[in-house]
Amino acid sequence: MQISAYTISYALIYLYDFMEKVEVEDIIYADTDSIVYSIPDGEEDPLENSIGDLKRMNPVIISVQLKLRGDEGGGVQVIVDPQAQTEVEKLKRTLELRGKRMTAMQKRIEILENVQRELDRRIGNLQAEARVHQAVIEGLQEQTNRDADVIDFLHKEQLAYEGSRLCSVCQYRYDSAARTPHVLDCGHAVCGPCLDRLIIPPPPNQTVDLVLRCPVCRKIVYVYPARSRVVFSMIPGVLPVPPRDLDI
Ligand SMILES: [Zn+2]
Ligand SMILES: [Zn+2]
């Protein structure tokens, strides 16, 4: 409190120096930090050179005309210069307009902020949706890969099946007539005409069993003269002995 009082006291003393420069009758108003005074027509501003010490904030110069109305029992009539009045009105309107513009701008900012919040919310929703879609796409991709594996497997199986229906030598399809499949002891099969061609001819006047070399695995297999579907394997180069219990 004491420091504050001192400061105000100092300011008053400081201001008093300026007040002394102005004619006392010209001072209209003074407080702790400002002074309002009139400058008679044709005279210089007594504080013109003190601007650096005493800042004149937004000076509004309004020409006023004072007229004594002594004949009506005293009193002062203040007549404000009509041009100054117009200026003040203009200034008021400008300020009003600015105020309205500020309010409109404030509203626009509020609207834009709301739009921004709504867009953020929608973006958030879309991002969440996109994540779900991504997960679905990944799931479908995995399923597609599995399906592709299955299709690949089935395709190979089909090829194997198709292959098993063709004679491994002539590549004709087996049938139930001339091209019946003959399964050799090694597990491979050939058609009837190919079996005939594959049989290794026995030496003349010898009643040995017929043999052939499997066209797939190159094993020597035994063929009964009756051309049984079943033959049995043997060590390559050694003529086979048919099993005794086989009914030929
Ligand atoms: Zn064949
Ligand atoms: Zn074979």
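# Zinc sites and salt bridges, argued from the numbers

Me: Why is the site of the zinc ion (ligand 2) called tetrahedral?

Reply: Look at the angles in this predicted model. The 4 donor atoms of the zinc ion (ligand 2) make angles of 108 to 114°. Four donors count as tetrahedral if all angles lie between 85 and 135 degrees, so this site earns the name. For scale, the ideal angle for four tetrahedral donors is 109.5 degrees.

Me: Which atoms coordinate the zinc ion (ligand 2), and what makes them donors?

Reply: They are SG of Cys 186, ND1 of His 188, SG of Cys 214 and SG of Cys 217, at 2.1 to 2.3 Å. Donors are N, O and S atoms within 2.8 Å of the metal, so these atoms pass. Along the chain, the donor residues are spaced C-x1-H-x25-C-x2-C.

Me: Is Cys 214 buried or exposed, and how do you know?

Reply: Cys 214 has 0% relative accessibility, so it counts as buried, given that buried means under 20%. Cys 217, another donor to this zinc ion, sits at 31%. That lies in between the 20% and 50% cut-offs, so Cys 217 is partly exposed.

Me: What makes the site of the zinc ion (ligand 1) tetrahedral?

Reply: Use the same reasoning. Its 4 donor atoms make angles of 104 to 117°, and the allowed range is between 85 and 135 degrees, so the site is tetrahedral. The donors are the SG atoms of Cys 167, Cys 170, Cys 191 and Cys 194, 2.2 to 2.4 Å from the ion. Their spacing along the chain is C-x2-C-x20-C-x2-C.

Me: Why can you say that Cys 167 and Cys 191 tie parts of the chain together?

Reply: Cys 167 lies in the loop between H2 and strand S5 (181-183), and Cys 191 is in strand S6 (residues 189-191), so the pair ties together parts that are 24 residues apart in sequence. Cys 167 has a relative accessible area of 0%, so it is buried. Cys 191 is buried too, at 0%.

Me: How do you know that Arg 121 and Glu 118 form a salt bridge?

Reply: Check the distance. The closest N and O atoms of Arg 121 and Glu 118 are 2.8 Å apart. The cut-off is 4 Å, so the pair counts as a salt bridge. Both residues lie in helix H2, 3 residues apart, about one turn of the helix.

Me: What makes Glu 118, Arg 121 and Arg 122 a network?

Reply: Glu 118 also meets Arg 122 in a salt bridge, at 3.2 Å from N to O, so salt bridges link Glu 118, Arg 121 and Arg 122 in a network. Arg 122 and Glu 118 are 4 residues apart in helix H2.

Me: Why is Lys 156 called exposed, and what about Asp 152?

Reply: Lys 156 reaches 53% relative accessibility, and exposed means over 50%, so Lys 156 qualifies. Asp 152, at 39%, is partly exposed. These two form a salt bridge, with the closest N and O atoms 3.6 Å apart.

Me: What makes Leu 119 eligible for a nonpolar patch?

Reply: Patch residues need over 30% relative accessible area and no salt bridge. Leu 119 has 40%, so it clears the area cut-off. Leu 119 forms the patch with Ile 111, Val 115 and Ile 123, and together they have about 340 Å² of accessible area. Leu 119 lies in helix H2 (residues 82-164).

Key. Residues are numbered from 1 along each chain as its sequence is written. Chains are lettered from A and ligands numbered from 1 in the order in which they are written. This is a predicted model: local features need pLDDT of at least 70, side-chain atom pairs count only at pLDDT 80 or more; totals for chains, interfaces and linings use all residues. Side-chain values use heavy atoms; hydrogens and water are left out. Donors are N, O and S atoms within 2.8 Å of the metal (3.2 Å for Na, K and Ca); water is not among the atoms, so sites may look incomplete. Four donors count as tetrahedral if all angles lie between 85 and 135 degrees; four count as square planar and six as octahedral if opposite donors are over 155 degrees apart and all others between 65 and 115; anything else is irregular. Buried means under 20% relative accessible area, exposed over 50%, partly exposed in between (1.4 Å probe, protein chains only). Patches are made of residues with over 30% relative accessible area and no salt bridge: like charges are joined within 9 Å, nonpolar side chains (Val, Leu, Ile, Met, Phe, Trp, Tyr) within 5 Å. Accessible areas come from the Shrake-Rupley method with a 1.4 Å probe; for residues, only the protein chains shown count as cover. A salt bridge is a side-chain nitrogen of Lys or Arg within 4 Å of a carboxyl oxygen of Asp or Glu. Helices (H or I, at least four residues) and strands (E, at least two) are DSSP runs, numbered from the N terminus.
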